[in-house]
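Biologist: I am new to this structure. Please take a close look at one part for me, the place where the two domains meet. Start with the charged pairs there, then work outwards.

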Amino acid sequence: MDRVYLSPPHMSGREPELVQDAFASNWIAPLGPHVDAFEREFAARVGVRHAAALSSGTAALHLALLLIGVGAGDEVLCSSLTFSASANAITYCGARPVFIDCDAASWNMDPDLLETELERCAATGTLPKAVLAVDLYGQCADYTRIAPICERFGVPLIEDAAEALGATCAGRPAGSFGRAAAFSFNGNKIITTSGGGMLVSGDEALIARGRFLATQARDAAAHYQHSTIGYNYRMSNVLAAIGRGQLTVLEERIAARRANFEAYTGALADLPGIAFMPEAPYGRCTRWLTCLTIDPEAFGASREDVRLALEAENIESRPVWKPMHLQPVFASCRVVGGAVSQRIFQHGLCLPSGSNLDAADRARTIAIVRRCCRAVRR
Ligand SMILES: *Cc1c(COP(=O)(O)O)cnc(C)c1O
């Protein structure tokens with residue numbers, strides 16, 4: 001049996017023609033017409049005026065933080081339940097992450113904990129430089145609450161929307177909240193350029209400055225003059241061509257991922273001890289990954305039992321992200337709460353969720369999960 005992957009790339013078929021055009025025009029460079037067009041088309045799709053195509057989502061996060069002035073010694077409040085790139089970007093700026101736990105209703109930053117922490121910081125004159133909220137597994141954080149809270153304390157909000165292209169909160173697209181947002185086109189994301197990212201913002205000057213920093217911060221002079229430290233973060237025109245092809249099928253990709261979720265819930269929700277990541281009432285989740293928790297007492301097998309049973313059949317599943325406050329590298333960082341994400345990590349599993357997931361492979365995955373439950377209750 002071929003391996004079933006968690007979230008493999010899924011081309012539309014239009015990409016080769018667009019890439020061929022990049023070759024024909026010889027724009028094999030970290031700039032060019034496909035980069036410009038991808039930025040325009042992407043900005044229109046996420047309802048934000050300006051966008052800069054970059055080499056990765058991590059680069060987009062790094063620049064977003066730099067552009068709002070995060071620097072050495074600053075603190076940035078950050079979702080604890082996330083991929084390490086969110087927190088790493090904070091440390092690239094010389095700043096320190098302070099982790100905020102998630103709530104059980106959205107698996108995203110708990111607005112109550114954020115509010116309490118900002119109140120505490122305000123009272124002691126130690127407000128953070130920024131809040132970095134992550135939109136996990138295709139679901140927006142609750143910006144109906146997080147955005148006004150940040151505004152009240154005058155702390156800029158950055159959105160890590162790397163996993164949530166196409167999601168909405170209160171009818172608005174992921175990436176349209178906060179001063180700036182970051183997207184990723186890594187190979188496992190809902191659309192991919194093999195590797196890449198996008199920085200978006202309603203602030204034209206911010207995006208212009210982002211492009212400047214991303215192209216080695218060259219001053220306006222022929223002789224390569226630099227007044228500030230720059231980065232080599234721009235996206236290749238070849239990869240932007242892939243991204244344009246991918247963007248045309250985003251809606252179909254969301255529909256396919258949501259259909260995976262419906263199939264999994266329909267076939268597994270009756271099992272004792274199984275709970276799927278909830279869809280928060282304030283928006284639409286793309287179900288980038290289908291995630292569930294397994295209570296080993298009720299289910300009769302642990303998350304790890306299930307993962308290994310799938311692996312034995314050459315099916316890839318993954319534990320939910322290990323929270324940042326439990327990572328050895330961030331052991332010295334402060335955390336607000338922590339028990340909720342710790343429990344989700346302990347019992348959480350991500351099932352194969354590709355938009356090109358074969359129905360027979362999905363049925364096989366379901367049968368193995370069901371067998372794990374019966375086996376132990378027998
Ligand atoms: C994938 C991801 C990133 C990083 O994106 P890259 O393009 O791989 O650098 C950042 N944050 C989250 C939450 C992610 O899932």
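Modeller: Three salt bridges are counted between domain 1 and domain 2. Bear in mind that this is a predicted model. Take one salt bridge as an example. Glutamate 117 pairs with arginine 334. Their closest N and O atoms are 3.0 Å apart. Side chains of opposite charge can pair when their charged atoms come close.

Polar contacts add to the picture. Between domain 1 and domain 2, 26 residue pairs are in polar contact, with both residues at pLDDT 80 or more. Now look at the side of domain 1 that touches domain 2. Four elements each supply at least two residues to that side: helix H4 (84-92), strand E3 (96-100), helix H5 (111-123) and strand E6 (168-169). By class, that side of domain 1 has 22 nonpolar residues, 13 polar residues and nine charged residues.

Next, the area. About 3,700 Å² is buried between domain 1 and domain 2. Carbon and sulfur atoms give 61% of that buried area.

Where do the two domains lie in the chain? The domain assignment places domain 1 at 15-249 and domain 2 at 251-377. In the contact, domain 1 takes part with 44 residues and domain 2 with 38 residues. The C-alpha centres of the two domains lie 26 Å apart.

Step back to the whole protein. It has 13 helices and 15 strands. Its C-alpha trace spans about 75 × 60 × 35 Å along the principal axes. The radius of gyration is 21 Å. That value agrees with a compact globule, because one with 378 residues would have a radius of gyration near 21 Å.

Salt bridges can be followed through the whole structure too. It holds 21 salt bridges. One of them joins the side chains of arginine 3 and glutamate 311, at 2.9 Å from N to O. This pair links distant parts of the chain, with the two positions 308 residues apart in numbering. Arginine 3 sits in the segment before helix H1 (15-25). Glutamate 311 belongs to helix H11 (residues 303-312).

Back to the part you asked about. To find your way in, start at glutamate 117 and arginine 334, which form a salt bridge. Then trace the side of domain 1 that touches domain 2, including helix H4 and strand E3.

Notes: Residues numbered from 1 in each chain as written. Predicted model: local features only at pLDDT ≥ 70, side-chain atom pairs only at ≥ 80, totals over all residues. Heavy atoms only, no water. Domains from an automatic or database assignment. Contact = heavy atoms within 4.5 Å. Buried area = accessible area lost by both parts, 1.4 Å probe. Salt bridge = Lys/Arg side-chain N within 4 Å of Asp/Glu carboxyl O. Polar contact = N/O pair within 3.5 Å; in protein donor to acceptor, adjacent residues only side chain to side chain. Nonpolar A, V, L, I, M, F, W, Y, C, P; charged D, E, K, R; others polar. Rg over C-alpha atoms; globule rule 2.2 N^0.38 Å.
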